[in-house]
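Here is a short walk through a structure, for someone who likes to see how the pieces pack. Have the viewer open while reading.

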Amino acid sequence: MSKLLQIRDDRGRKLTLHTLEDGAPKPDLPDGWSFEPADDTPLWQPTPDAISDRQFAQALALAGTITEAEALAWAARGELPQAMEDALEQIPNTDGLRFGARMMLAAATSYERRLPLTEQLGALLGYDAAALDALWSRAAAL
């Protein structure tokens with residue numbers, strides 16, 4: 001008899017399904033990856049276009065990018081976490097770019113994944129495009 005298993009990567013994404021014969025050893029996986037019983041949810045789901053300010057702050061806190069206290073202060077009062085302030089300092093202060101970014105981060109009620117500023121701030125926080133997609137997907141589920 002065999003069982004259907006799926007692999008979940010270290011970002012929580014399901015990657016593939018495997019059929020494993022009873023008693024057969026599972027292949028080695030990288031640290032943080034796991035085998036799980038297969039379920040009916042799709043292996044791949046598109047990255048959401050936008051997430052709420054609360055979802056964004058909570059996902060960043062769960063990822064360890066900001067603290068839980070910073071996430072609460074940001075979502076409740078628009079107080080930017082230190083990591084965001086540090087990233088903003090790296091944006092040129094010409095033509096109001098830094099001020100515009102600060103206003104967007106402090107006052108937005110939703111954050112759009114495909115904005116150029118999202119990519120720029122994400123890179124300054126250490127997120128590449130795939131990591132931002134994973135962050136947006138995780139946030140959308142919160």
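## Helix 5 against helix 6

In this predicted model, helix 5 and helix 6 sit roughly perpendicular to each other, because their packing angle of about 105 degrees falls in the 65 to 115 range that counts as such. Their axes are 10 Å apart. On the helix 5 side, the contact uses Thr-118, Glu-119 and Gly-122, while helix 6 brings Ala-129, Leu-132 and Trp-136. Sorted by character, that makes three nonpolar residues, two polar and one charged.

Thr-118 is worth a click. This helix 5 residue has a relative accessibility of 10%, so it counts as buried. Setting aside residues up to four places away in sequence, Thr-118 touches Glu-112, Arg-113, Leu-132 and Trp-136. From Thr-118 to Ala-129, 11 residues apart along the chain, the C-alpha separation is 9.7 Å.

## Helix 1 against helix 2

What about the other helix pair? The axes of helix 1 (residues 53-62) and helix 2 (residues 68-77) come within 8 Å, crossing at roughly 170 degrees. These two helices are therefore roughly antiparallel, the cut-off for that label being over 145 degrees. Helix 1 puts Asp-53, Arg-54, Phe-56, Ala-57, Leu-60 and Ala-61 into the contact, and helix 2 answers with Glu-68, Ala-71, Trp-74 and Ala-75. The tally here is seven nonpolar, three charged and no polar residues.

Just after helix 1 comes Gly-64, with a positive phi of about 85 degrees. Within helix 1, the buried residues are Gln-55, Phe-56, Ala-57, Ala-59, Leu-60 and Ala-61. They have plenty of partners: the buried residues of helix 1 pack against strand 4 (50-52), helix 2, helix 3, helix 4, strand 5 (110-112) and helix 6.

## The nonpolar core

In soluble globular proteins, nonpolar side chains tend to be buried together. Here, the largest nonpolar core has 26 residues. Which of them have the most contacts inside it? They are Phe-56, Leu-60, Trp-74, Leu-105 and Tyr-111. Each of helix 1, helix 2, helix 3 (82-88), helix 4 (97-107), helix 5 (116-124) and helix 6 (129-140) supplies at least two residues of this core.

Leu-135 gives a view from helix 6. With a relative accessible area of 5%, Leu-135 is buried. Apart from neighbours within four places in sequence, its contacts are Phe-56, Ala-59, Leu-60 and Tyr-127. The C-alpha atoms of Leu-135 and Ala-63 are 8.1 Å from each other, though their positions lie 72 residues apart along the chain as counted by sequence separation.

## Phe-56 and the rings

Phe-56 is buried at 7% relative accessibility. Leaving out residues up to four places away in sequence, Phe-56 touches Ile-51, Trp-74, Met-84, Leu-105, Tyr-111, Leu-135, Trp-136 and Ala-139.

The structure holds four aromatic pairs. One of them joins Phe-56 and Trp-136, with 5.2 Å between centres and 50 degrees between planes, which makes the pair tilted. This pair links distant parts of the chain, from Phe-56 in helix 1 to Trp-136 in helix 6, 80 residues apart. Trp-136 is buried too, at a relative accessible area of 1%. Ring pairs link Phe-56, Trp-74, Tyr-111 and Trp-136 into a cluster.

## A loop threonine

Is Thr-47 buried or exposed? At 18% relative accessibility it counts as buried, since the cut-off is under 20%. Thr-47 belongs to the loop between strand 3 (34-37) and strand 4. Not counting neighbours within four places in sequence, Thr-47 contacts Arg-113, Arg-114, Asp-133, Trp-136 and Ser-137.

## The whole chain

Zooming out, the chain has six helices and five strands. From the N terminus on, the order is β-β-β-β-α-α-α-α-β-α-α. Of the 142 residues in the chain, 30% are buried. Among contacts between residues at least 6 apart in sequence, 52% join residues at least 24 apart.

Conventions:
Residues numbered from 1 in each chain as written. Predicted model: local features only at pLDDT ≥ 70, side-chain atom pairs only at ≥ 80, totals over all residues. Heavy atoms only, no water. Axes fitted to C-alpha atoms, helices over the stretch in contact; angles between N-to-C directions. Helix = DSSP H or I, 4+ residues; strand = E, 2+ residues; numbered from the N terminus. Parallel < 35°, antiparallel > 145°, perpendicular 65-115°, else oblique. Contact = heavy atoms within 4.5 Å. Nonpolar A, V, L, I, M, F, W, Y, C, P; charged D, E, K, R; others polar. Core = buried A, V, L, I, M, F, W, Y, C linked by side-chain atoms within 4.5 Å. Buried < 20%, exposed > 50% of the residue type's maximum accessible area, 1.4 Å probe, protein only. Phe/Tyr/Trp six-rings, centres within 6.5 Å; stacked < 30°, edge-to-face > 60°.
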